[in-house]
Amino acid sequence: MRAKQKIRPCVDFVMVILMPCLMAYAFMGGKLHEWLGLAMFLLFFLHHLLNAGWHRALGKGSYMANRILGTVTNLLLLLAMVFLAVSSVILSGYAPWNIKGSMAVARLMHLALSYWVFVLACFHLGIYWNRIPVARKVMADKKISALLRLALLLYAAYGVYVFIKKQFALYMFLQVQFAFLDYGEPVVLFFMEYFAVMCLSAVIGYYMSALLYRLNRSRGHHDRNGG
């Protein structure tokens with residue numbers, strides 16, 4: 001159990017770092033992008049193995065609004081990752097495996113799902129933020145917690161600007177069907193902007209979950225079966 005508790009935050013941390021790297025195709029190139037993608041899928045699978053208890057609890061307990069939010073988010077993210085993996089294998093040009101399929105369909109699927117996974121994964125992080133041991137310790141200090149909340153809210157506000165500027169919604173709903181790669185953009189600016197969108201998604205997930213949890217408690221419920 002202790003080993004699992006040590007491995008779990010390490011796996012999650014690496015996944016958080018990999019997400020913007022996978023969006024940085026213009027800087028990483030095709031070959032590195034594919035291998036980083038493989039690493040992400042393996043880590044995602046390991047993440048689910050380490051959280052097998054959530055799967056076992058799906059049919060148990062009551063489903064209050066807060067738990068429904070987490071469950072729906074997790075299932076959508078799982079589904080998106082599965083289809084993203086399928087599209088990745090079809091499009092693969094460097095890895096030593098390949099499956100046949102429509103390249104055109106796979107390209108559109110990969111484009112849209114990349115953005116959906118990016119947003120959903122960070123939203124998921126926000127929902128379960130209070131279950132991260134380090135986060136709980138930091139949030140326990142009222143002064144540090146207040147400063148951190150302010151900083152994250154300001155950064156999330158910048159994330160709104162980036163979300164619009166980078167046309168996230170258009171890519172997610174395939175209103176734009178070809179990825180625009182800005183090879184002249186400074187690498188530091190790119191990661192600063194994508195981390196801002198990550199922060200935005202996590203902040204929305206955190207406050208939505210917190211609001212629903214308070215509503216549950218005000219009605220006399222306590223969610224004991226979250227994932």
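Q: Helices are DSSP runs (H or I, at least four residues), as are strands (E, at least two), numbered from the N terminus; which helix gives the largest share of the nonpolar patch?
A: Helix α2 (residues 25-50) does, with three residues. Keep in mind that this is a predicted model: local features need pLDDT of at least 70, side-chain atom pairs count only at pLDDT 80 or more, and totals for chains, interfaces and linings use all residues. Residues are numbered from 1 along each chain as its sequence is written, and side-chain values use heavy atoms, with hydrogens and water left out.

Q: What makes up the nonpolar surface patch?
A: I7, F45, L46 and L49 do, and together they give about 360 Å². To join a patch, a residue needs over 30% relative accessible area and no salt bridge; nonpolar side chains (Val, Leu, Ile, Met, Phe, Trp, Tyr) are joined within 5 Å, like charges within 9 Å. The areas are Shrake-Rupley values with a 1.4 Å probe, and for residues only the protein chains shown count as cover.

Q: Why is L49 called partly exposed?
A: Buried is under 20% relative accessible area, exposed is over 50%, and partly exposed is in between (1.4 Å probe, protein chains only). L49, in helix α2, comes out at 48%, so partly exposed is the right label.

Q: How do you know that K165 and E193 form a salt bridge?
A: The rule asks for a side-chain nitrogen of Lys or Arg within 4 Å of a carboxyl oxygen of Asp or Glu. The N to O distance for K165 and E193 is 2.6 Å, so the pair passes. This pair links distant parts of the chain, since K165 sits in helix α7 and E193 in helix α9, 28 residues apart. K165 is partly exposed at 39%, whereas E193 is buried at 1%.

Q: What makes K166 and E185 a salt bridge?
A: Their side chains meet at 3.0 Å, N to O, so they satisfy that rule too. K166 is in the loop between α7 and α8 and E185 in the loop between α8 and α9, so the pair ties together parts 19 residues apart in sequence. Both partners are buried.

Q: Why does the pair K166 and E193 count as a salt bridge?
A: Its N to O distance is 3.4 Å, so it falls inside the cut-off as well. Here the loop between α7 and α8, home of K166, is linked to helix α9, home of E193, 27 residues along. K166 has 16% relative accessibility, so it counts as buried. Through shared partners, the salt bridges join K165, K166, E185 and E193 into one network. The whole-structure search finds three salt bridges.

Q: What makes Y115 and Y171 a stacked pair?
A: Let's take the search first: it finds 13 aromatic pairs in the whole structure. Y115 and Y171 are one of them, at 4.7 Å centre to centre with 10 degrees between the planes. This pair bridges helix α5 (Y115) and helix α8 (Y171), 56 residues apart. Rings of Phe, Tyr and Trp (its six-membered ring) pair if their centres lie within 6.5 Å; planes under 30 degrees apart are stacked, over 60 edge-to-face, the rest tilted. Both values fit, so stacked it is. Y115 is buried at 9%, and Y171 is buried at 3%.

Q: Which residues do ring pairs link into a cluster?
A: F27, Y115, F118, F163, F168, Y171, F190, F191 and Y194.

Q: Why is C122 called buried?
A: Its relative accessible area is 1%, so it lands on the buried side. C122 is in helix α5 (residues 103-127). Contact means heavy atoms within 4.5 Å, and C122 touches M19, M198, S201 and A202, leaving out residues up to four places away in sequence.

Q: What makes the phi of Q167 worth a look?
A: Most residues other than glycine have a negative phi. Q167 is not a glycine, yet its phi is positive, about 60 degrees. Q167 lies in the loop between α7 and α8 and is partly exposed at 35%. L174 does likewise, with a positive phi of about 55 degrees although it is not a glycine. L174 lies in the loop between α8 and α9 (187-218), and its 27% relative accessibility makes it partly exposed.
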